[in-house]
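Reader: I am in my first year and would like a close look at a single part of this protein, the aromatic rings and what surrounds them. Could you take me through that part slowly and explain each term when it comes up?

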Amino acid sequence: MRLPIAIALTGVVALAAAPTVAGAPRAAGAPQKKRVEVVDNFYSPKKLTVNLKSRINWVWTDESADVHDVKLISGPKGFKKFQTEPGSAGFTYSKTLTKPGTYKFLCTLHEEDNMRMTIIVRH
């Protein structure tokens, strides 16, 4: 009689250890502080996923000899678009992303070089 109980317990343990079902709601993560480097003609990273209310710090690195800016070209409804001042090595700009969704940015001074990035903010 002990065998059926052991099998039942094994099944319960397996279900408890199983990954979350796809599409199931996830608990919101804590806000993060993330650094995006502004380098000559690219942002690093080019794509970033963060939690809601995360603070993004754009940093113009020493390798950034050219002048660049960061312009929000599209974002979630209700989030006010912005554009930084043009800057070069040593310049920084921070923004907290308060709406879930996809944010798309570009450098207006290097649009032809496809200097763009995307940040996804999850609930």
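Author: What follows begins with the whole model and then turns to the aromatic rings and their surroundings.

This is a predicted model, in which local features need pLDDT of at least 70 and side-chain atom pairs count only at pLDDT 80 or more, while totals for chains, interfaces and linings use all residues. Residues are numbered from 1 along each chain as its sequence is written, and side-chain values use heavy atoms, with hydrogens and water left out.

The mean pLDDT (the predictor's confidence in each residue, from 0 to 100) is 85 for the protein, and 77% of the residues reach 70 or more. Over residues 5–25 pLDDT stays under 50, and for this stretch the model has zero contacts beyond four places in sequence, where contact means heavy atoms within 4.5 Å.

The secondary structure comes to one helix and eight strands, and from the N terminus on the elements run α-β-β-β-β-β-β-β-β; helices (H or I, at least four residues) and strands (E, at least two) are DSSP runs, numbered from the N terminus. Of the contacts in the protein with a separation of 6 or more, 55% are accounted for by residues 24 or more positions apart. Buried residues make up 28% of the 123 residues; buried means under 20% relative accessible area, exposed over 50%, and partly exposed in between, with a 1.4 Å probe and protein chains only.

Now to the rings themselves. A pair of aromatic rings is described by the distance of the centres and the angle of the planes. Rings of Phe, Tyr and Trp (its six-membered ring) pair if their centres lie within 6.5 Å, and planes under 30 degrees apart count as stacked, over 60 as edge-to-face and the rest as tilted. A search of the whole structure finds seven aromatic pairs. One of them joins F79 and Y103, which are edge-to-face, with 5.1 Å from centre to centre and 85° between the planes. Because F79 lies in the loop between β5 (71–74) and β6 (92–97), whereas Y103 belongs to strand β7 (residues 101–106), this pair ties together parts that are 24 residues apart in sequence. Both F79 and Y103 are buried.

Another pair, F82 and Y93, is stacked, with 5.6 Å from centre to centre and 25° between the planes. F82 lies in the loop between β5 and β6 and Y93 in strand β6, so the pair ties together parts that are 11 residues apart in sequence. The two partners can also be described by their accessibility: F82 counts as buried at 10% relative accessibility, while Y93, with a relative accessible area of 22%, is partly exposed.

F82 and Y93 also belong to a wider group, for W58, F82, Y93 and F105 form one aromatic cluster. In addition, the charged end of K95 sits over the ring of F82, 5.0 Å from the ring centre; a charge sits over a ring if NZ of Lys or CZ of Arg is within 6 Å of the ring centre and within 35 degrees of the ring normal.

Let us follow the rings into the core. A nonpolar core is a set of buried Ala, Val, Leu, Ile, Met, Phe, Trp, Tyr and Cys residues joined through side-chain atoms within 4.5 Å. The largest such core has 20 residues, and those with the most contacts inside it are Y43, I56, W58, Y103, F105 and I119. At least two residues of this core come from each of β1 (33–39), β3 (47–51), β4 (54–60), β7 and β8 (116–122).

F105 links the two descriptions, since F105 is a member of the aromatic cluster and is also listed among the core residues with the most contacts. Leaving aside residues up to four places away in sequence, F105 touches W58, V70, K71, L72, I73, F82, M115, R116, M117 and I119.

M115 leads on to a neighbouring loop, as M115 is also among the residues that H110 touches, together with N41, D66, V67 and H68, again not counting residues up to four places away in sequence. H110 lies in the loop between β7 and β8, and at 10% relative accessibility H110 counts as buried. Its contact N41 is found in the loop between β1 and β2 and, at 28% relative accessibility, counts as partly exposed. Phi of N41 is near 75°, which is a positive value in a residue other than glycine.
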